[in-house]
Amino acid sequence: MPPAKWERVAGAVREQIRSGQLKPGDKLPSIAALQELFAVSYGPVRAATLGLKAEGLIYGQTGEGVYVGDPLPPILRS
């Protein structure tokens, strides 16, 4: 069974963070941009961001956007 849409989005963002494509302090694309990029609706993107926030990988700044966490959780540090 293929992964749920939100898992696919979260996994892709997680991998970009792990690989260094996205670094601590980098701003993530907007929800609308992520919806377009992954061809999904609002729900899966929202679920993915909530999951990544719970993992400590990203955080939101009200009125500004969502950013890669700094410092990264120990599991993702080199």
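This is a guided tour of one protein structure, with a suggestion at each stop for what to select next.

**The whole chain**

Before selecting anything, keep in mind that the model is a predicted one. Show the chain as a cartoon and you will find three helices and two strands, which follow the pattern α-α-α-β-β when read along the sequence. If you then colour the protein by accessibility, buried residues make up 28% of its 78 residues. Among the contacts with a separation of 6 or more, 55% are made by residues 24 or more positions apart, and several of the stops below show pairs that are separated along the chain.

**Helices H1 and H3**

Select residues 5-19, which form helix H1, together with residues 42-54, which form helix H3. The axes of H1 and H3 are 8 Å apart and the two helices pack at an angle of about 50°, which makes H1 oblique to H3. In passing H3, helix H1 makes a right-handed crossing.

Now show the side chains where the two helices touch. On the H1 side, select Lys5, Trp6, Val9, Ala10, Val13 and Arg14, and on the H3 side select Pro44, Ala47, Ala48 and Leu52, since these are the residues that meet.

While H1 is still on the screen, select glutamate 7, which lies in this helix and is partly exposed, with a relative accessible area of 38%. Glutamate 7 and alanine 47 are 40 residues apart along the chain, and their C-alpha atoms are separated by 8.4 Å.

Next, select isoleucine 17, which is also found in helix H1. Is isoleucine 17 buried or exposed? Its relative accessible area is 4%, so isoleucine 17 is buried. Draw a distance from its C-alpha to that of isoleucine 58, and the viewer should give 9.6 Å for two residues that are 41 apart in sequence.

**The salt bridges**

Side chains of opposite charge can pair when their charged atoms come close. How many salt bridges does the structure hold? There are two of them, and both can be reached from helix H1.

For one of these, select arginine 14 and glutamate 55, whose side chains meet in a salt bridge with a distance of 2.8 Å from N to O. This pair links distant parts of the chain, because arginine 14 is in helix H1 while glutamate 55 is in the loop between H3 and strand S1, 41 residues apart. Arginine 14 counts as partly exposed at 21% relative accessibility, and glutamate 55 is partly exposed as well, with a relative accessible area of 39%.

For the other, select arginine 18 and glutamate 15, which form a salt bridge whose closest N and O atoms are 3.6 Å apart. Here both residues lie in helix H1, three residues apart, which is about one turn of the helix. Arginine 18 counts as partly exposed at 47% relative accessibility, and glutamate 15 is partly exposed with a relative accessible area of 41%.

**The loop between H2 and H3**

Move to alanine 39, whose place is in the loop between helix H2 (31-38) and helix H3 (42-54). Most residues other than glycine have a negative phi. Alanine 39, however, has a positive phi of about 55° although it is not a glycine. With a relative accessibility of 68%, alanine 39 counts as exposed.

**The loop between H3 and S1**

Follow the chain past H3 and select leucine 57, which has its place in the loop between H3 and S1. Leucine 57 is buried, with a relative accessible area of 2%. From the C-alpha of leucine 57 to the C-alpha of valine 68 the distance is 6.0 Å, although the two residues are eleven apart in sequence.

**The aromatic pair**

For the last stop, select tyrosine 59 and tyrosine 67 and turn the view until both rings can be seen. A pair of aromatic rings is described by the distance of the centres and the angle of the planes. The structure holds one aromatic pair, and the rings of tyrosine 59 and tyrosine 67 have their centres 5.8 Å apart and their planes at 25°. Because planes under 30 degrees apart count as stacked, this pair is a stacked one. Tyrosine 59 is partly exposed, with a relative accessible area of 36%, whereas tyrosine 67 is buried, with a relative accessible area of 14%.

Key
Residues numbered from 1 in each chain as written. Predicted model: local features only at pLDDT ≥ 70, side-chain atom pairs only at ≥ 80, totals over all residues. Heavy atoms only, no water. Helix = DSSP H or I, 4+ residues; strand = E, 2+ residues; numbered from the N terminus. Buried < 20%, exposed > 50% of the residue type's maximum accessible area, 1.4 Å probe, protein only. Phe/Tyr/Trp six-rings, centres within 6.5 Å; stacked < 30°, edge-to-face > 60°. Salt bridge = Lys/Arg side-chain N within 4 Å of Asp/Glu carboxyl O. Axes fitted to C-alpha atoms, helices over the stretch in contact; angles between N-to-C directions. Parallel < 35°, antiparallel > 145°, perpendicular 65-115°, else oblique. Left-handed = near helix turned anticlockwise from the far one by under 90°. Contact = heavy atoms within 4.5 Å.
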